[in-house]
Structures are given as C-alpha cells and as structure tokens.
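Student: I am new to this structure and would like a close look at one part of it. Please start from one residue and work outwards.

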Amino acid sequence: MVNGMAMLIKELLKNIKQCITIDYPAGTWPGKKYSQIVPYGRGMHEFDEEKCIGCGACASMCSSKTIKLIDEEGKRTVSIYLGRCIFCGKCQDICPEEALKLTPKYELANINEEKLYVKNSLNMVKCESCEKFIFTEKQINTVKNKVLENLKPETKEKMKLDIEKYLKLCPDCRKILSFKLETHPRKLY
C-alpha cells in the first residue's frame, strides 16, 4: 500500500512537470509507445495521377456510394467524399491500374468541407461523329494497348487500324458506322 502510494505520488509529480497529452493517433509516452499506425491501414485515399485512367471501376464498386464520376466541360473528375466513406478498401482492390491507395493518414477532421474530398481530374475525348464526350484519353490509350498486346502479329495489324477508328467513336456511333468504316467483326470471317 505504501509502495503504491509512493509510485502514485512520483507519477503525479513527474506529470506536473511535463505535458501528458500524446499525439493522435500514434503518439508516444516517454519510454512507451501507446498506439501504432499499421503500414497497411485504411486511412485517407490517394490517387497516383500518372496511373489513374478514370475508368470508374472504383465508383462502381463503392458500397457507400461515396465515389462519384463527374463529367463536365471536357474533364472527368473522380471525387471521393471522405465524410461518407467506410474505408472498406474495395476501391483500392478493384482498381485495374493500381492507381488508388488507402494511406495511413487517419486525421481527417477539418473545418473546410472541400478538404474532405480527394479528387483526380482527367481530360476527355469527343466522339468524332456526334461530338459527345465519351471517355478519357488515358482510358482509350490503355484499352488500345491492352487489346493489341495479346493478339497474334497478323491479327494485330488488322485490328490496330480498326481500333484507331473504333475508339474515337461513342457506342451509338460505333453501331451506326461499323459497316461504313469497316470496323465490324464479320470481315474477319
């Protein structure tokens, strides 16, 4: 009992001399570590702007509907609202280009609502026929490269010309113009 009281008084005197508030979420107490941030934790999202193609796979997988694709004035913006996110990590798992990651940044409180959004903007391409905005430039180039890399060389040359025409059109114009531009698959049979 006396030893316990002596230890308590010693700790009280020690704590009067120094601040006892530790940093959140991974502060340390002298000599002891009170919490840890694990490197694979699920905190704030981060886009790799070089890798993101704006395909929208993350938005389609988001169970809390916090990821939105906003298409306006030739730009596609992938927007994540952190105030609604449940940090499940499905968006990170489904991203085909590994462009979206959850970081170990957990302190998200902010007075400015705009800082609760993580955004990435990409340029879009217009359909050459009807001039509607269709896909992002990066998405078109990625699709073209992925389709061509798995074809045999003799088929690759034929398809390369078709893909150049095909990917510059919206889905509606592709249907209408496929025979006129000879991009239909029947010509291969």
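Student: Which residues does Thr136 touch, not counting residues up to four places away in sequence?

Tutor: A word first: this is a predicted model. Thr136 touches Ile53, Gly54, Arg76, Leu122, Asn123, Met124 and Val125, with residues up to four places away in sequence not counted. Thr136 itself sits in strand β8. Its relative accessibility is 0%, so Thr136 counts as buried. One contact deserves a closer look. A polar atom of the Thr136 side chain lies 2.5 Å from the backbone oxygen of Ile53.

Now step out to the sheet. Strand β8 belongs to an open sheet of 4 strands. Their order is β4-β5-β7-β8, and the pairing is antiparallel. β8 (133–136) stands at one edge and β4 (67–72) at another; each has a single partner strand, so one side of each lacks a neighbour in the sheet. On average, neighbouring strands of this sheet are turned by 35° against each other, direction ignored. As a general point, strands of a sheet pair through backbone hydrogen bonds, either parallel or antiparallel.

Look next at β5 and β7. β5 covers residues 75–81 and β7 covers residues 117–126. These two strands pair in the antiparallel sense over 7 bridges. Take Ser79 as an example: its bridge partner in β7 is Lys119. A helix also meets these strands. Helix α4, residues 137–149, lies across β5, β7 and β8. The helix runs at about 65° to β8.

Follow the sheet to β4 and the loops beside it. Glu73 is in the loop between β4 and β5. Its phi is near 50°, a positive value in a residue other than glycine. At 78% relative accessibility, Glu73 counts as exposed. Lys65 is in another loop, between α2 (57–61) and β4. Phi of Lys65 is near 55°, again positive in a residue other than glycine.

Turn to the nonpolar side chains. In soluble globular proteins, such side chains tend to be buried together. Here the largest nonpolar core has 18 residues. Phe47, Cys58, Ile67, Ile80, Leu82 and Leu100 touch the most other members. α2, β5 and β7 each supply at least two residues of this core. Ile67 shows what such a position looks like. Leaving aside neighbours within four places in sequence, Ile67 is in contact with Cys58, Ala59, Cys62, Val78, Ser79, Ile80 and Cys91. Apart from the largest core lies another, of 6 residues. Ile134, Leu169, Cys173 and Leu177 are among them.

Several cysteines have come up, so ask how many disulfides the structure holds. A disulfide is a covalent bond between the sulfur atoms of two cysteines. The structure holds 0 disulfides. Cys55 is in none; the nearest cysteine sulfur, that of Cys95, is 6.2 Å away. Cys55 has 30% relative accessibility, so it counts as partly exposed. Why is Cys62 not bonded to Cys85? The closest cysteine sulfur to that of Cys62 is in Cys85, at 6.3 Å, which is too far for a bond. Cys62 counts as buried because its relative accessibility is 8%.

Come back to the start. Thr136 is buried, in strand β8. That strand stands at an edge of the sheet, and helix α4 lies across it as well as β5 and β7.

Definitions and conventions: Residues are numbered from 1 along each chain as its sequence is written. This is a predicted model: local features need pLDDT of at least 70, side-chain atom pairs count only at pLDDT 80 or more; totals for chains, interfaces and linings use all residues. Side-chain values use heavy atoms; hydrogens and water are left out. Two strands pair if DSSP finds at least two bridges between them. Axes are lines fitted to C-alpha atoms, for helices over the stretch in contact, and angles run from 0 to 180 degrees between N-to-C directions. Contact means heavy atoms within 4.5 Å. A disulfide is a pair of cysteine sulfur atoms within 2.5 Å. Buried means under 20% relative accessible area, exposed over 50%, partly exposed in between (1.4 Å probe, protein chains only). A nonpolar core is a set of buried Ala, Val, Leu, Ile, Met, Phe, Trp, Tyr and Cys residues joined through side-chain atoms within 4.5 Å. A polar contact is a pair of N or O atoms within 3.5 Å; within protein, one must be able to donate a hydrogen and the other to accept it, and residues adjacent in sequence count only if both atoms are side-chain atoms.
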